[in-house]
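Biologist: Could you walk me through this model and show me how each label is earned? I'd like the reasoning as well as the words.

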Amino acid sequence: MSTLPPGAHNETESVQYAAGLAKSYRERDATKAFAAILSNYVVVVSCVWASETAAGASSLPPGAGLTVYLFSVLIIASRLRAFENLVHEASHNNLYPSANDHYRFQFLYAFPVFRVVEDYRRSHLVHHKHLGDRHKDPDIVRLFDLGLDKLPERPGWYLMGMPLTGFLTYEYLTTSFREFWASSTSRSAKTIFWGSIMLCLAYWKLYRPFTYYYMVPFLIVLPAIRYWAEISEHLGLDLREDLGSSRTNVGFLHQ
């Protein structure tokens with residue numbers, strides 16, 4: 001038996017409540033979209049600055065620099081996840097009033113996390129069309145392939161053990177990362193973007209900070225954050241229900 005939302009007395013009122021709530025989060029505003037993107041870059045740069053400053057400060061106690069670095073890596077990984085969330089919003093045309101702007105500006109938020117909005121939208125709409133279908137919903141198929149239907153039997157392993165094995169990084173590199181480069185969609189744009197990044201790294205010899213502050217958060221921490229986020233959104237719910245098949249992620253910690 002499904003639980004009705006506050007103020008709703010039947011299924012019709014539940015649908016109306018859900019539609020109204022969803023609409024309140026679908027305001028398309030280019031200024032807010034750019035502000036959201038910029039804020040993530042500001043946080044990343046601030047973390048790099050704080051970590052480098054702590055590493056070079058002789059007045060700090062031993063280990064303080066490493067502590068600040070690890071904390072910075074965690075925050076940076078969360079901002080990379082925020083970019084992935086923006087890709088999700090873009091797939092629903094929820095960022096900008098103009099649908100074309102989601103493609104025009106994807107180099108700001110999608111390419112940095114190896115996503116192409118059009119490709120993501122194509123897969124994501126299949127997820128919505130077959131939500132909860134064990135064989136047709138690609139997101140649910142993946143969760144079952146990871147063995148997460150057995151999570152209640154081995155919660156320690158699936159919640160903490162699996163992320164520590166490195167398998168999630170391997171899985172990402174052999175699926176989403178590979179598909180990013182294999183897809184012909186926006187091939188010129190994404191090649192120019194990452195080609196320019198590599199040229200800048202070579203010219204200014206920025207390999208060390210790129211490794212410490214991008215590759216480590218992206219390849220080691222982000223896969224775990226992504227994994228936990230996906231678990232929190234759908235796992236353990238009755239996905240056959242129109243309402244209640246996913247959990248909200250609009251809280252501060254989710255962002």
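Modeller: Sure, starting with a definition: helix pairs count as roughly perpendicular when the angle between them is 65 to 115 degrees. Keep in mind too that this is a predicted model.

Biologist: Then what makes α3 and α6 roughly perpendicular to each other?

Modeller: Helix α3 (residues 64-91) and helix α6 (residues 117-129) pack at an angle of about 70°, and their axes are 9 Å apart. The range for the label is 65 to 115 degrees, so α3 and α6 are roughly perpendicular to each other. On the α3 side the contact is made by V87, H88, A90 and S91, and on the α6 side by V117, Y120, R121 and H124.

Biologist: Why are α9 and α10 called roughly perpendicular?

Modeller: Their axes cross at roughly 110° and come within 9 Å. That angle falls in the 65 to 115 range, so α9 and α10 are roughly perpendicular to each other as well. F180, W181 and A182 of α9 make the contact with R187, K190, T191 and W194 of α10.

Biologist: Let's stay with α10. What is its span, and how does that fit the expected value?

Modeller: α10 covers residues 187-204, 18 residues in total, and reaches 26 Å from its first C-alpha to its last. That is close to the 26 Å expected at 1.5 Å a residue.

Biologist: How do you know which side of α10 its buried residues are on?

Modeller: The buried residues of α10 are K190, F193, W194 and L201. They cover an arc of only 80° around the axis, and therefore sit on the same side of α10. The other side of α10 has S188, I192, L199 and Y203, which are exposed. As background, an α-helix has 3.6 residues a turn, so residues three or four places apart point the same way.

Biologist: What comes right after α10?

Modeller: K205 follows α10, and its phi is positive, near 50°.

Biologist: And what comes before α10, in the loop from α9?

Modeller: S186 is in that loop, between α9 (167-182) and α10. S186 is not a glycine, yet its phi is positive at about 55°. Most residues other than glycine have a negative phi.

Biologist: Why is S186 called partly exposed?

Modeller: The relative accessibility of S186 is 26%. Buried needs under 20% and exposed needs over 50%, so S186 lands in between and counts as partly exposed.

Biologist: Where is N93, and what is its phi?

Modeller: N93 is in the loop between α3 and α4 (99-104). Its phi is near 55°, a positive value in a residue other than glycine. With a relative accessible area of 25%, N93 is between the two cut-offs and therefore partly exposed.

Biologist: How do you know whether I76 is buried or exposed?

Modeller: I76, in helix α3, has a relative accessible area of 1%. The cut-off for buried is under 20%, so I76 is buried. Not counting residues up to four places away in sequence, I76 touches V44, C47, V48, Y213 and P217. I76 and V221 are 145 residues apart in sequence, with their C-alpha atoms 9.2 Å apart in space.

Biologist: What makes Q106 buried?

Modeller: Q106 is found in helix α5 (residues 106-109). Its relative accessible area is 3%, and under 20% counts as buried, so Q106 is buried. Outside the residues up to four places away, Q106 touches F111, P112, R115, V116, V117 and S186.

Biologist: And why is W157 called partly exposed?

Modeller: W157 belongs to helix α8 (residues 155-164). Its relative accessible area is 34%, which is between the 20% and 50% cut-offs, so W157 is partly exposed. Leaving aside its neighbours within four places in sequence, W157 is in contact with M162, P163 and T165.

Biologist: Zooming out, how many helices and strands are there?

Modeller: The protein has 11 helices and zero strands. Buried residues make up 35% of its 255 residues. The accessible surface comes to about 15,300 Å², with 65% of that belonging to carbon and sulfur atoms. Among contacts with a separation of 6 or more, 61% are between residues 24 or more positions apart.

Methods: Residues are numbered from 1 along each chain as its sequence is written. This is a predicted model: local features need pLDDT of at least 70, side-chain atom pairs count only at pLDDT 80 or more; totals for chains, interfaces and linings use all residues. Side-chain values use heavy atoms; hydrogens and water are left out. Helices (H or I, at least four residues) and strands (E, at least two) are DSSP runs, numbered from the N terminus. Buried means under 20% relative accessible area, exposed over 50%, partly exposed in between (1.4 Å probe, protein chains only). Contact means heavy atoms within 4.5 Å. Accessible areas come from the Shrake-Rupley method with a 1.4 Å probe; for residues, only the protein chains shown count as cover. The expected span of a helix is 1.5 Å times one less than its number of residues. The arc is that of the directions from the helix axis to the C-beta atoms. Axes are lines fitted to C-alpha atoms, for helices over the stretch in contact, and angles run from 0 to 180 degrees between N-to-C directions. Angles under 35 degrees count as roughly parallel, over 145 as roughly antiparallel, 65 to 115 as roughly perpendicular and the rest as oblique.
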